[in-house]
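These entries record what I looked up in the structure, in the order in which I consulted it.

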Amino acid sequence: MTSLRPWRATTLALAALLLCVPQSAGAQAPAHAPAPAATPDRPSYDVALRADDDGSRWAGRQTVSFRNAARTPLRSVDVRLWGNGTDGCGTPGSPSPVRVSGVAGGTPRPLTVGCTALRIDLPAPLPHGARASVSFDVAITVPDRVHRFGRDGAYRYLGNALPLLSVRDAQGRHLDPDVGFGESFHTLAGDFRVVLDHPSALVVPATGTTTRRAGAPGRTVGTSVARGVRDFAWAAGPFASKEVTTPGGVRLNAYWTATTSPEGVATDLRDAVGSVDAFGKRFGRYPYGELDLVMSDSLDDFGSMEFPGLVLLWTEPEGSAVVHEIAHQWFYGIVGNDQFASPWLDESFAQYANELYYGLATTTCWDDQGMWPSDTAALTRSMAYYADGRRSEYVRVVYRRGSCALHDLERVLGGPAMAGMLRGYVRDHWLGVATTADFTRAAQAATPKDLGPFWTEHRIH
């Protein structure tokens, strides 16, 4: 999640949490993957950006190709500029952080949803199964705030900065707003090739596998390739770095700021090595080969945040939310969900995995949570519900009650059955999008017991 630090100690986890309160060629797919249910799918992003002297501004060109998976012709696509979620449309003297111009391959309409949504009408209806592309100039200015898309001293963080295709499905066009906490994102897995031209003095961790070459004098050109991911993030600054490989063969690239504690870096690396292999065995092998850990002691304004193949971590001497964020590589990364409509499908699952890894006592956790915070609270509420004056319920329900519900389900099914069910659930929705109904069907199939009363008690509708 965007702003959480679920540490191994539950009380510390809640205190920190309250601070902020697919199918792709080259990626391994399950043998019986469901038919695509959303469009446009199989996106491919080709991006080339050039940075200014300190990484505060990036500009260049982006091309997005896609397929129409719908049976009806596709007449337009929506591009989400999530980097504008906090600042909106800006002012004449302070424009939006992410700006798009020079659209080719379609006709752009005016920006909507607080300048986070750009609709592009295609020149002709795109038939089922056909591909098309749009391209545009992109100008990104890193906001002056400590944030997943922001800056801190000499360090720049570019999470949610790159424009992404929105999703259309049986529910229509997904144009939900950024509510300012949690996540509102919903994207399909695709392939990225991102070329970042930057001063050689900047260290630039990024999603995917990066190769670097010398550019103009004093500059470096890095080409990052990632397949089967839902987003692309990067950072820039004078990071220190270290590379380690887990016993299971996953390469961890660690980056940290000058003021990040050595003890915190060591703790994060140890827990990252252990958890990425443990989750690979439990849920399915991590598919991307490598994972970047970007650590700072100054990210407490928003906590930690997961991106495909890269996590931002608020690190202190005793560690960070690294295990929770790595669990998100499976829950939202590999198994996607609509984070606006069903935040519990990634946050509750990542917190459950975090608690499993640390071996936290959860036998009575459901009862220990006490009463529901309101009569209307439920695990399956959307971000719209929490944004409507109920932000205080978000952590209590989505993280604590959600993870406890999964621990309770494990006690109902039994440990081996729960582990087998979750591994099958991940396999069946590998790089796809899962819903609450998908999960409850998987759980019910794992036991002869009627789980109806369980769903009612735990308010999973």
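**Entry 1: Thr362 and its surroundings**

I began with Thr362, which, apart from neighbours within four places in sequence, is in contact with Glu355, His407 and Arg411. I note at the outset that the model is a predicted one. I then located Thr362 in the loop between α4 and α5. Is Thr362 buried or exposed? I found a relative accessible area of 12%; since the cut-off for buried is under 20%, Thr362 is buried.

**Entry 2: The disulfides**

I next asked how many disulfides the structure holds. There are two. Counting bonded cysteines along the chain, I recorded the pattern 1-2, 3-4.

I looked up the link between Cys89 and Cys115, and its sulfur atoms are 2.0 Å apart. The angle about the S-S bond is 100°, and I entered this link as right-handed. Cys89 is in the loop between β3 (74–80) and β4 (90–91), while Cys115 is in the loop between β7 (107–108) and β8 (117–126), so this disulfide ties together parts that are 26 residues apart in sequence. I checked the accessibility of each partner. Cys89 has a relative accessible area of 46% and is partly exposed, whereas Cys115, at 8%, counts as buried.

I then turned to the disulfide that joins Cys365 to Cys404, with an S to S distance of 2.4 Å. Cys365 belongs to helix α5 (residues 365–368) and Cys404 to helix α7, so the pair ties together parts that are 39 residues apart in sequence. For Cys365 I noted a relative accessible area of 5%, which makes it buried. Cys404 is likewise entered as buried, at 0%.

**Entry 3: Helix α9**

I asked which residues of helix α9 (residues 436–445) are buried. I listed Thr436, Asp438, Phe439, Thr440 and Ala443 as buried there. I also looked for what covers them, and the cover includes α4 (344–358), α7 (391–413), α8 (415–428) and α10 (452–457).

**Entry 4: The seven-stranded sheet**

I traced an open sheet of seven strands, in the order β6-β9-β2-β1-β15-β17-β16, and recorded its pairing as mixed. Why is one side of β6 and of β16 left without a neighbour in the sheet? I found β6 (98–104) and β16 (209–214) at the edges, and because each has a single partner strand there, one side of each has no neighbour in the sheet. On average, and with direction ignored, neighbouring strands of this sheet are turned by 15° against each other.

As a reminder to myself, strands of a sheet pair through backbone hydrogen bonds, in either the parallel or the antiparallel sense.

**Entry 5: The partners of β1**

I followed β1 to its partners on both sides. Strand β1 (residues 41–51) pairs with strand β2 (residues 57–67) in the antiparallel sense, over nine bridges. Within this pairing I placed Asp41 opposite Arg67 of β2 and Leu49 opposite Gly60 of β2. The two strands form a hairpin with five residues between them, and in the turn I noted Gly55, whose phi is positive at about 80°.

With strand β15 (residues 190–199), β1 runs parallel, and seven bridges join the two. In this pairing I entered Ala48 as standing opposite Val195 of β15.

Note on methods
Residues numbered from 1 in each chain as written. Predicted model: local features only at pLDDT ≥ 70, side-chain atom pairs only at ≥ 80, totals over all residues. Heavy atoms only, no water. Pairing = 2+ DSSP bridges. Helix = DSSP H or I, 4+ residues; strand = E, 2+ residues; numbered from the N terminus. Buried < 20%, exposed > 50% of the residue type's maximum accessible area, 1.4 Å probe, protein only. Contact = heavy atoms within 4.5 Å. Axes fitted to C-alpha atoms, helices over the stretch in contact; angles between N-to-C directions. Disulfide = S-S within 2.5 Å.
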